[in-house]
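Here's a quick tour for anyone who likes to read a fold through its contacts. Have the viewer open and follow along.

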Amino acid sequence: MMGCIFCKIVQKQIPAKIVYEDEKVLAFEDSTPQAPVHILIIPKEHIPTVNDINESHKEILSALFAVAKKIAEENNIAQRGYRLVMNTNAEAGQSVFHIHLHILGGRHMAWPPG
Ligand code: AMP
């Protein structure tokens, strides 16, 4: 989608440290990491928020979690623990309106989140 920063990363119009890519999913390092491991996993298809998900996205959503599991294993945080976050709209702090699964790990996570 025009003007979407994550679509531009998918199209390689702006750089990112890509750690995983297949035909449906892209994963890259967050540019402002909040933990030793902080990677964003996104569908290549532009879906603005979780509120826009529908039945046709089932396969993509399952792929996001499969990639999260793989990234956790590769970064040695699968057993220690990690957090998956998907912020939706203003009060949750969503700043990029192309859904993305944050995978955060490598340090202790507090609860409740801020
Ligand atoms: P959210 O606030 O949940 O929408 O998360 C957006 C995330 O995207 C933030 O953690 C940002 O640091 C990250 N981000 C924004 N622009 C870029 C970029 N060009 N490359 C990598 N990460 C980005």
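Is Phe28 buried or exposed? Phe28 is buried, because its relative accessibility is just 3%; buried here means under 20% relative accessible area, exposed means over 50%, and partly exposed is in between, with a 1.4 Å probe and protein chains only. Before going further, note that this is a predicted model, where local features need pLDDT of at least 70, side-chain atom pairs count only at pLDDT 80 or more, and totals for chains, interfaces and linings use all residues. Residues are numbered from 1 along each chain as its sequence is written, and side-chain values use heavy atoms, with hydrogens and water left out.

Back to the rings. There is one aromatic pair, counting rings of Phe, Tyr and Trp (its six-membered ring) whose centres lie within 6.5 Å, with planes under 30 degrees apart called stacked, over 60 edge-to-face and the rest tilted. Phe6 and Phe28 make up that edge-to-face pair, at 5.3 Å centre to centre and 80° between the planes. It ties together distant parts of the chain, with Phe6 in helix 1 (residues 5–10) and Phe28 in strand 2 (residues 25–29), 22 residues apart. Helices (H or I, at least four residues) and strands (E, at least two) are DSSP runs, numbered from the N terminus. Phe6 is buried too, at 7% relative accessibility.

Now for the ligand. Among the 16 residues around the ligand, Asp30, Asn87, Ser95, His100 and His102 come nearest; a residue is near if one of its heavy atoms lies within 4 Å. Helix 1 gives the largest share of this shell, three residues. As for polar contacts (N or O atoms within 3.5 Å; within protein, one must be able to donate a hydrogen and the other to accept it, and residues adjacent in sequence count only if both atoms are side-chain atoms), a backbone N or O atom of Ser31 sits 3.1 Å from a ligand nitrogen. A polar backbone atom of Ser95 is 2.7 Å from a ligand oxygen, and an N or O atom in the side chain of His100 is 2.9 Å from a ligand oxygen. Taken alone the ligand exposes 500 Å², and the protein buries 82% of that; areas come from the Shrake-Rupley method with a 1.4 Å probe, and for residues only the protein chains shown count as cover.

Two loop residues deserve a look. His98, in the loop between helix 3 (89–92) and strand 5 (101–105), is buried at 0% relative accessible area, and its side chain reaches the backbone oxygen of Pro43 at 2.8 Å. Thr49, in the loop between strand 3 (37–43) and helix 2, is buried at 7%, with its side chain 2.9 Å from the backbone nitrogen of Asn51.

On to charges: the whole structure holds five salt bridges, meaning a side-chain nitrogen of Lys or Arg within 4 Å of a carboxyl oxygen of Asp or Glu. Here are some of them.

| Salt bridge | N to O distance |
|---|---|
| Glu21 and Lys44 | 2.8 Å |
| Lys24 and Glu59 | 3.4 Å |
| Glu55 and Lys58 | 3.2 Å |

Lys24 in the loop between strand 1 and strand 2 and Glu59 in helix 2 are 35 residues apart. Lys12, Glu21 and Lys44 are linked in a salt-bridge network.

Finally, Phe65, Tyr82 and Leu84 form a nonpolar surface patch of about 260 Å² of accessible area together. Patches take residues with over 30% relative accessible area and no salt bridge, joining like charges within 9 Å and nonpolar side chains (Val, Leu, Ile, Met, Phe, Trp, Tyr) within 5 Å. Phe65, in helix 2 (residues 58–74), is partly exposed at 48%.
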